[in-house]
Amino acid sequence: MNENNNNKQNKGGRTPKSDPSIHRHVFRLTDEENAKLLSLFEASGKPNKAKFIISLLFSKEMKSVKIDKGTVDFYMRLTSFHSQFRSVGVNYNQIVKLLYKNFSEKKAAAFLYKLEKQTAEMAMLCQKIIQLTEEFEAKYLKKQP
């Protein structure tokens, strides 16, 4: 009866792993290196630093999103320029209405002629901006294989 008791006795605790991680390595980082490691770790989405470092060492798949501040700045400036361009169009319509309302037809036509010249210059400038935008897109925004 004493023999049966010993076989059923449970020591408790976790069941041992079939391939435990028993080898430990220590390395030291500077403040800059540590900040870079932490930012990469946060971008990776890994559950803990150890798994993240192992994935880096053994080239396993790693998720990382890189934000180019120059591209973001370019996009913001282009957006603000577009809104300014739209406001110029609205102002253009208002000026034409005011010219015909407040001046004689001859005087209004003279002012409109000057306004048309400026509009043509602005249209050429807009074409140059579109060309520069396409060049920037081709060089920096498209992924090259």
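Where does Leu99 lie? Leu99 is found in helix 4. The model described here is predicted, and this report follows Leu99 and its surroundings outward from that helix.

## Overall fold

The protein chain contains five helices and zero strands. In sequence order its pattern reads α-α-α-α-α.

Of the 145 residues in the protein chain, 10% count as buried. Among contacts in the protein chain with a separation of 6 or more, 32% are between residues 24 or more positions apart.

## Helix 4 against helix 5

Helix 4 covers residues 69–102 and helix 5 covers residues 105–141. The two pack at an angle of about 165°, and their axes are 12 Å apart. Because of that angle, helix 4 is roughly antiparallel to helix 5; the cut-off for this class is an angle over 145 degrees. The crossing of helix 4 with helix 5 is left-handed.

Sorted by class, the residues in the contact between helix 4 and helix 5 are 19 nonpolar, three polar and two charged.

## Helix 5

Helix 5 has 37 residues, so at 1.5 Å a residue it should span 54 Å. Its end C-alpha atoms are 50 Å apart, which agrees with that expectation.

Which residues of helix 5 are buried? They are Ala108, Leu112, Leu115, Cys126, Thr133 and Phe136. These buried residues of helix 5 pack against helix 4.

## Leu99 in helix 4

Leu99 has a relative accessibility of 9% and therefore counts as buried, the limit being under 20%. Leaving aside residues up to four places away in sequence, Leu99 touches Ala108, Phe111 and Leu112. Two of these neighbours, Ala108 and Leu112, are listed among the buried residues of helix 5.

For Leu99 and Phe111, the separation is 12 residues in sequence, and their C-alpha atoms are 7.8 Å apart in space.

## Leu112 in helix 5

Leu112 belongs to helix 5. Is Leu112 buried or exposed? Leu112 counts as buried, because its relative accessibility is 11%.

With residues up to four places away in sequence not counted, Leu112 touches Val96, Leu99 and Tyr100. The contact with Leu99 also appears in the list of residues that Leu99 touches. Leu112 and Val96 are 16 residues apart along the chain, with a C-alpha separation of 7.4 Å.

## Summary

Helix 4 and helix 5 pack with their axes 12 Å apart, and helix 4 passes helix 5 in a left-handed crossing. Leu99, placed in helix 4, touches Leu112, which lies in helix 5. Leu99 counts as buried at 9% relative accessibility, and Leu112 counts as buried at 11%.

Key
Residues numbered from 1 in each chain as written. Predicted model: local features only at pLDDT ≥ 70, side-chain atom pairs only at ≥ 80, totals over all residues. Heavy atoms only, no water. Axes fitted to C-alpha atoms, helices over the stretch in contact; angles between N-to-C directions. Helix = DSSP H or I, 4+ residues; strand = E, 2+ residues; numbered from the N terminus. Parallel < 35°, antiparallel > 145°, perpendicular 65-115°, else oblique. Left-handed = near helix turned anticlockwise from the far one by under 90°. Nonpolar A, V, L, I, M, F, W, Y, C, P; charged D, E, K, R; others polar. Expected span 1.5 Å × (residues − 1). Buried < 20%, exposed > 50% of the residue type's maximum accessible area, 1.4 Å probe, protein only. Contact = heavy atoms within 4.5 Å.
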